[in-house]
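Let's take a walk through this structure, one helix and one pocket at a time. Have a look at it first, and then we'll go through it together.

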Amino acid sequence: MERNIFKLEQEQLKEIALTLQKKVEEGLAKDNAEIQCLPTFITPRSKGINGKALVLDLGGTNYRVATVNFADDKATIHPDNGWKKDLSVMKTPGFTREELFKELADPIGEIKRDEEMPIGYCFSYAAESLPDGDARLLHWTKGVEIKDMIGEPVGKPLLDYLNERNDIKFTGIKVLNDTVASLFAGLTNSGYDAYIGLIVGTGTNMATFIPAEKITKLPPSCQVQGLIPVNLESGDFNPPFLTTVDDTVDACTNTRGYQRFEKAVSGMYLGDILKATFPLDEFEEKFDAQKLTTIMNYPDIHKEKYVQVAHWIYNRSAQLVAASLAGLIRLLVSYNKETKKICLVAEGSLFWSQNRNDKDYNILVMEKLQELLDEFGLGDVEVHINKMNNANLIGTGIAALS
């Protein structure tokens with residue numbers, strides 16, 4: 001291709017950042033907004049955490065189970081990275097809640113327990129947090145469609161299922177989004193003015209702490225104060241300047257019109273964008289970001305036009321993430337002018353992917369973010385990117401024990 005249809009000029013990226021900021025403000029003011037801004041009614045402890053929790057981490061494809069043991073605020077995870085299981089079977093048409101619970105329960109039997117403990121459940125789908133620490137599923141993303149769970153609590157039915165089948169019981173369950181779990185994990189690093197959790201993997205999303213008085217959609221009966229963790233569900237953002245190729249990818253999904261940002265950015269869709277750019281060419285059916293990065297990293301064995309477009313799609317994804325971060329940081333600074341140091345806990349295979357022949361994804365994001373902050377007059381705001389091992393597990397353990 002001669003012209004880069006995925007190229008975004010600096011002014012366009014600034015407009016995307018400003019649009020996201022405005023949409024987040026709308027989501028904090030009313031329900032069912034484009035960016036939903038779901039408050040999480042779990043107040044995380046950052047000091048004095050002691051105890052042991054079972055942690056479940058259900059992502060877009062993979063599932064992990066581990067125990068997280070806190071002693072003197074230090075977390076020990078067993079096994080080191082959790083028991084891992086491929087759960088792409090949950091994307092099978094007609095898959096049921098009972099089948100999911102059985103899949104979730106199986107690896108828990110591998111965890112040796114001799115005492116009762118709470119469960120922290122990192123659930124990376126759109127769910128409304130409930131005052132008791134559970135959450136209600138709003139809708140599925142990432143190709144999952146288990147209809148009998150929509151609108152229902154996520155945690156309590158699973159807790160009951162597990163307690164019916166285990167002699168040593170579980171004492172309770174807290175459900176939180178993966179971005180909120182990353183956000184909580186960031187609290188183990190003190191000295192920052194603000195925290196952001198970011199996921200760019202199979203899907204994409206952000207979370208941060210928002211002052212309670214700024215979340216004007218909270219009912220008067222909701223007596224919460226201070227900073228509230230908010231799961232933005234930013235993957236549902238519909239940014240300006242998407243292309244006709246993005247429209248084609250969107251039209252081929254069962255969530256047409258939704259998750260437009262995620263469909264332009266995340267690992268599940270980048271391969272589809274490449275395929276839609278060359279509609280007359282034949283590609284293998286499963287073609288995700290991993291295949292896209294393989295094309296970039298091994299250009300000698302792929303068509304030149306595929307290599308070129310793969311770079312364009314990869315770079316645009318990073319720029320869109322940078323613009324979304326810039327918009328969120330503008331909002332945080334507007335709430336607190338003293339915000340100068342921000343801890344960004346970033347998770348996801350795409351965010352930490354490598355490009356052998358150019359800059360890695362995380363570097364592209366951070367360089368573009370700094371450019372945008374400079375142009376917005378926020379050049380004095382330092383964003384420290386934090387790559388934590390097992391951030392999801394640690395943050396979810398904090399939630400379970402808070």
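In this predicted model, helix H7, which covers residues 267-277, is largely enclosed by the rest of the structure, because eight of its eleven residues are buried. Buried here means under 20% relative accessible area. If you want to pick them out in H7, look for Gly267, Tyr269, Leu270, Gly271, Ile273, Leu274, Ala276 and Thr277.

So what do the buried residues of H7 pack against? The partners are four helices: H5 (244-251), H6 (260-265), H8 (289-297) and H9.

Let's zoom in on one of these pairings. Two packed helices are described by the angle between their axes and the distance between the axes. For H5 and H7, the angle is about 115° and the axes lie 9 Å apart, and the crossing is right-handed. On the H5 side, Val245, Asp246, Thr248 and Val249 make the contact, while H7 brings Tyr269, Asp272, Ile273, Ala276 and Thr277. Sorted by class, that gives five nonpolar, two polar and two charged residues.

Now for a pocket. The second largest one has a volume of about 410 Å³. It is lined by 21 residues, and the closest to its centre are Phe209, Pro211, Leu227, Ile228 and Pro229. Strands E9 (194-200), E10 (204-211) and E11 (227-231) each supply at least two lining residues, and so does helix H9 (304-335). The largest share, three residues, comes from E11. As for its character, the lining of this pocket has 15 nonpolar residues, five polar ones and one charged. Helix H9, then, turns up twice on this walk: it packs against buried residues of H7 and helps line the second largest pocket.

Key. Residues numbered from 1 in each chain as written. Predicted model: local features only at pLDDT ≥ 70, side-chain atom pairs only at ≥ 80, totals over all residues. Heavy atoms only, no water. 1 Å grid on protein atoms, 1.4 Å probe; cavity = no way out; pocket = protein on both sides within 12 Å on 5 of 7 lines; lining within 4 Å. Points joined across faces, edges and corners; volume = space filled by probe spheres on them. Nonpolar A, V, L, I, M, F, W, Y, C, P; charged D, E, K, R; others polar. Buried < 20%, exposed > 50% of the residue type's maximum accessible area, 1.4 Å probe, protein only. Contact = heavy atoms within 4.5 Å. Axes fitted to C-alpha atoms, helices over the stretch in contact; angles between N-to-C directions. Left-handed = near helix turned anticlockwise from the far one by under 90°.
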